[in-house]
Amino acid sequence: MERKKFVILIADDNQDFLDILIAKLTREKFDVHTVTDGREAIEMAKELRPDLLILDLEMPVMGGMEAFFELRKDSRFSKLKVVFITTHGDDSEKTAWVDDKFAREEGIRDFIRKTDDLDSIVKQILRILRVPAGA
Amino acid sequence: MNILELFRFQNIDLLTVGVALAASLFLGGITYFNDRRSITHQTFFLFSIFSACWSTLNYLTYQFPSDFVVIWVLRLSVFFAVLHSFALFQLFYVFPKPSVQFSKLYRFGLVPLVLFTAILNLTPFVFRRVLEFDSEGKVSKVLNGPGLPLFAVVTAGLTLLTIIFLLRKLFRSSGETRRQVRVMFFGVILSFVLILLFNLVLPAFYNDARFISLGAVFTFPFIAFTAYSILKHHMLNVKIIAAEALVFTLSIVTFAEVVVSKGVPGILFRSGVFLLVLAFGALLIRSVRREVEQREKLEVLTRELSAANERLRELDKVKSEFLSFASHQVKSPMSVVKGYATLIYDGTYGPVSEKIRGTADKIRESADRMIALVNNLLSLRRIEEGKMDYAPEPVVLQELVSSIADEFNMLAEEKGLQFSFSSSVGEARASVDTQKFRQVIQNLIDNSIKYTERGWVKVSLDVDKSKKFLVVSVADSGRGIPKELLPKLFQQFSRDSSVAKMIQGTGLGLYIVRQIVEAHQGRVWVESLGEGQGSIFYVAVPMLV
């Protein structure tokens, strides 16, 4: 059965990595949109109302974390699913908070390591999208 | 008047002189033993000895009513007077240097002249004989010989030279030396004023000669100030000062006992005690000084060591920060390399030949190895620095291990291996840091798949016999591990050399695994029947009840 075509908005300042995600996710039948900083991500999200927002933590103009909290101020985005991208590994303190209950309650679902296999990234995204928001 | 009576009547006099003498010799000795190789310290010691001899003889001059004794005391007194003047001159000549190259004129002119004059003073050429004693039995007139002017000229000359060098040092030196010379100058002035007052003003203008014999007391200020200025930096140590003060007090007390004791046996006995106190006191001070010096050396070394440690820590911090920065900088482009290679490999960019597909796969694998290496280095750094932070929480281990195993399904399938996960523990929980524990299990499964060419990889979760631990086992039908390698497997940088050629890796993975598992109060071990027999890795962590 053909699944729903999810809309994904990705914000990352690394154009190569964006190209790779666009190619992979488009092939996997996602509707992919990209921006290159947190500010643009907020504007685009308001317009696009994506099913999933993928934010790089470190970006010029506005980082992913800041953009996320900015968006959360808008009640329309209270149930938005968000995933962060990082180059850091499992053992980084920069991603440790993702495991926090607090982070989960805030709607932060997971983080994607740029070094992960593309297939496992796709699986991860699908898993997140299938879980009902707020659960 | 015999010696005993003399002691009885003159003991206050004698005690004062004795104390001043002992103090002078004592300071001279301390200075000398402080640095025996320094010419300044040597000269000061000589000066204190000559000064003591001269003062003693000066004192004795007026104590004996015998012609023979008095004339020899007088001769000895002027003998030491010359040496005393010379030592004082040399002190200001060399001060404050530890070594001085004396000129030829000094060595072959001045020194022989001084010695000649001093020895001449012992002969009748200077003092022929005593002419008369006064009513109190003190010597009042002496017949001089033709050598006396030489003595006068040499002593006056030396005194003049002393003043010249003192003033030169006072005005020409700078900094620390100048401060030292100023202290010495103050001592000179003090002694000079005392001598002027008691040996000249009082006898000449008030006809009071009682204090002339107290020469040692008057020269003491100079000796004390000089010793202070020479030893300034070394004398600040309380422990040494205490030892010195103790010895000095003991010497004075025992010396006073000599002075007030009656009868020859008593005097002899107490003199013996006094000498013993002096000798042991010197030993005591030397040992205390040595101990203090060693401690000071140790303190200096400790300070240097802690400074070096501080620098090392800073360097280490810089190194860590750089490593962290560089690692992340490497990982970002590697993720791009890996991503593009994957897109070519999996056909996202359209169909490619097998050759290109295989090549893309190799690129992806290399990128993965590089990323793993960097991750391992980062983990290793955290472990080594004790910065690995653990956030343990109760976790249903079956869910966690199952989700990890799922990630490897595809990899095993691609390699044509049977891959399975089974659990017999249900909802049993363990307190683990999810991220770190995931890293451990991932590492073990990844290894098993990597080292198994054909067959199977089985992941299981069970409770151990003691029912206290949950045990994850990763078994494979792969290459196995040689017996001699088993004990070395979880150490840093150990890897089977024969395997190394075929499969690349850092050899850090299992070391990190062990560190993480042990941080969970767990245990990791491996069983293998040998090469080609497959292997089973176990990770046991305490089960929550």
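Okay, let's start with a definition: a residue is buried if 20 or more other C-beta atoms lie within 10 Å of its own, exposed if 12 or fewer, and partly exposed in between, with C-beta atoms placed from the backbone. What you see above is a predicted model, where local features need pLDDT of at least 70, side-chain atom pairs count only at pLDDT 80 or more, and totals for chains, interfaces and linings use all residues. Residues are numbered from 1 along each chain as its sequence is written, while chains are lettered from A and ligands numbered from 1 in the order in which they are written.

Let's look at α6(A); helices here are DSSP runs (H or I, at least four residues), numbered from the N terminus. Its buried residues are Leu118(A), Ile121(A) and Ile125(A). Down the helix axis they fall within an arc of 55° (taken from the directions from the axis to the C-beta atoms), so they line one face of α6(A). And what sits on the face turned away from the buried side? That's the exposed pair Arg127(A) and Arg130(A).

Now, the two chains. 20 residues of chain A are in contact with 25 residues of chain B, contact being C-beta atoms, placed from the backbone, within 7 Å. On chain A's side, α1(A) gives the largest share, six residues. By type, that side has nine charged residues (Asp, Glu, Lys, Arg), five nonpolar (Ala, Val, Leu, Ile, Met, Phe, Trp, Tyr, Cys, Pro) and six polar, meaning the others, Gly among them.

Last stop, chain B: Leu91(B) touches Thr43(B), Phe44(B) and Phe47(B), leaving out residues up to four places away in sequence.

Terms used. Helices (H or I, at least four residues) and strands (E, at least two) are DSSP runs, numbered from the N terminus. Two residues are in contact if their C-beta atoms, placed from the backbone, lie within 7 Å.
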